[in-house]
Every structure is written in C-alpha cells, then in structure tokens.
Amino acid sequence: MASFRNLIILGPLIYQIHHFEEHIIFNFREWRLTYFSDNNTLSTEEVLLRLSIFLLIIIFIHLIKNNKASAHLILFFLMTTQVINAFFHIFFSFYFQDFSPGAITGVLLYLPVNYLIFKAAINEGYINNKMEIFYLVIMGICTFTLFEIIGPIVFLISIFLSAGYYLICNKYDMKVKAS
C-alpha cells in the first residue's frame with residue numbers, strides 16, 4: 001500500500017480535475033445559483049488558487065515535520081474540501097433531481113482517493129481511533145457548511161484556527177512522547 005506521504009500529493013491533482021469538471025465541462029456556478037444564494041464574490045479561479053496553494057503549503061509542512069499535527073491539517077482540509085464536497089454534490093443532485101456539476105469526480109476521484117489517504121493515515125498512526133475521524137468529519141461538515149452560508153471569510157478563519165490547532169496538537173504530541 002502506498003504511504004501517506006505519497007498519497008497526499010494526489011489531493012491537489014484531483015482537485016484540479018474536479019475544478020475542470022465543475023467549471024470547464026459544466027457550469028457549477030450557474031447550477032449553484034439556481035438553488036442557493038450568491039454569497040461568494042470570489043471567482044472560481046481565485047477559489048481554485050487559494051485552496052490549491054493552501055493544500056500545497058500544508059503538504060509541504062507535513063513533508064518537513066512529518067508529525068500527527070501536520071497530518072491532521074491535511075486530513076481536515078481534505079475532509080472539508082473533498083470528502084464533504086463530494087457528499088454535497090451527490091446529496092443535492094438527488095435532492096433537487098438535477099445533476100450537480102462535480103458529482104462525477106466527487107464519486108470517481110474524491111471518495112476513493114481520500115479513502116486511501118485516510119486508510120494510510122490510520123495504518124501509519126496519524127489517526128489513532130474512530131473519535132479522531134469523527135472530529136475530522138464534524139469539523140469538515142461545519143467548515144464546509146459555514147463556507148456555503150457565509151462565504152469566503154471562512155477561508156481566513158479556517159487558516160487561523162488551523163494554525164492554532166497545529167500548535168496545540170503538536171505541543172500535546174510532544175508531551176505524550178516525552179512521558
């Protein structure tokens with residue numbers, strides 16, 4: 001089985017493919033505006049750049065630090081932007097009985113690739129129990145939902161909270177290892 005370090009680089013790649021489906025092949029923004037309010041003033045290209053750059057930064061941090069805290073940042077980010085996003089596309093395609101652009105790559109790429117990433121994280125000890133997965137799911141759902149309701153300010157808030165989480169988690173892990 002591939003290692004966590006090798007699999008995480010697939011995250012930015014499949015995000016690019018997902019974006020291609022949403023905005024080049026189909027028109028997700030038009031679909032979204034049919035059913036939801038327009039609270040996102042950022043262009044799709046800016047969202048793509050912001051999310052891709054942030055994901056690459058936290059991957060780079062993990063490649064240097066290689067610890068549980070940096071792995072959790074990646075897992076939180078992937079849970080929010082890919083796993084929950086896939087379920088959003090699937091659920092609302094059925095709910096509105098109207099195909100949501102992004103559902104194809106959500107099912108064919110986001111879910112299977114992230115399954116492999118999370119499985120590797122479990123096997124390598126970055127996730128130690130089901131409660132950690134539960135917390136990542138809850139944080140992902142909350143963050144994704146807040147972004148859909150409030151808009152882009154959630155990016156900034158998430159970055160600051162992620163930095164705080166990293167510092168606290170890293171400090172806790174160092175104390176546990178010292179004991």
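## Helix α3, two pockets and a shared core

The buried residues of α3 make contact with three other helices: α2 (10-25), α5 (68-95) and α7 (130-150). Please keep in mind that this is a predicted model. Beyond α3, there are two pockets to explore, the largest with about 640 Å³ of space and the second largest with about 260 Å³. There is also a nonpolar core, the largest in the model, with 43 residues.

**Helix α3 and its two sides**

- Helix α3 spans residues 28-35, and its buried residues are F28, W31 and R32.
- Viewed down the axis of α3, these buried residues stay within an arc of 100 degrees, so they line one face of the helix.
- Turn to the face pointing away from that buried side and you will find the exposed residues E30 and T34.

**The largest pocket**

- A total of 32 residues line the largest pocket, and those nearest its centre are Y15, V47, L51, F147 and F155.
- Helix α3 comes up again here: α2, α3, α4 (44-65), α5, α7 and α8 (153-178) each contribute at least two residues to the lining of the largest pocket.
- The top contributor to the lining of the largest pocket is α5, with seven residues.
- By class, the lining of the largest pocket has 16 nonpolar, ten polar and six charged residues.

**The second largest pocket**

- The lining of the second largest pocket is made of 14 residues, with F76, M139, T143, S158 and L161 nearest its centre.
- Helices α5, α7 and α8 each provide at least two residues of the lining of the second largest pocket.
- Here α8 gives the most, with six residues.
- Ten nonpolar and four polar residues make up the lining of the second largest pocket, with no charged residues.

**The largest nonpolar core**

- In soluble globular proteins, nonpolar side chains tend to be buried together.
- Within the largest nonpolar core, F4, I74, L75 and I117 touch the most other members.
- Two or more residues of this core come from each of α1 (4-7), α2, α3, α4, α5, α6 (103-123), α7 and α8.
- Helix α5 supplies the most residues to this core, namely 14.
- For a closer look, try L75: leaving aside residues up to four places away in sequence, L75 touches F4, I117, F118, A121, I127 and L136.

**A helix to follow through the model**

- Helix α5 is worth tracing on screen: α5 packs against the buried residues of α3, gives the most to the lining of the largest pocket and gives the most to the largest nonpolar core.

Methods
Residues are numbered from 1 along each chain as its sequence is written. This is a predicted model: local features need pLDDT of at least 70, side-chain atom pairs count only at pLDDT 80 or more; totals for chains, interfaces and linings use all residues. Side-chain values use heavy atoms; hydrogens and water are left out. Buried means under 20% relative accessible area, exposed over 50%, partly exposed in between (1.4 Å probe, protein chains only). Helices (H or I, at least four residues) and strands (E, at least two) are DSSP runs, numbered from the N terminus. The arc is that of the directions from the helix axis to the C-beta atoms. Contact means heavy atoms within 4.5 Å. On a 1 Å grid over the protein atoms alone, a cavity is a set of points where a 1.4 Å probe fits but cannot get out, and a pocket is an open set with protein on both sides within 12 Å along at least five of seven lines; lining residues have an atom within 4 Å of a point. Grid points are joined across faces, edges and corners, and a volume is the space filled by probe spheres set on the points. Ala, Val, Leu, Ile, Met, Phe, Trp, Tyr, Cys and Pro count as nonpolar, Asp, Glu, Lys and Arg as charged, and the others, Gly among them, as polar. A nonpolar core is a set of buried Ala, Val, Leu, Ile, Met, Phe, Trp, Tyr and Cys residues joined through side-chain atoms within 4.5 Å.
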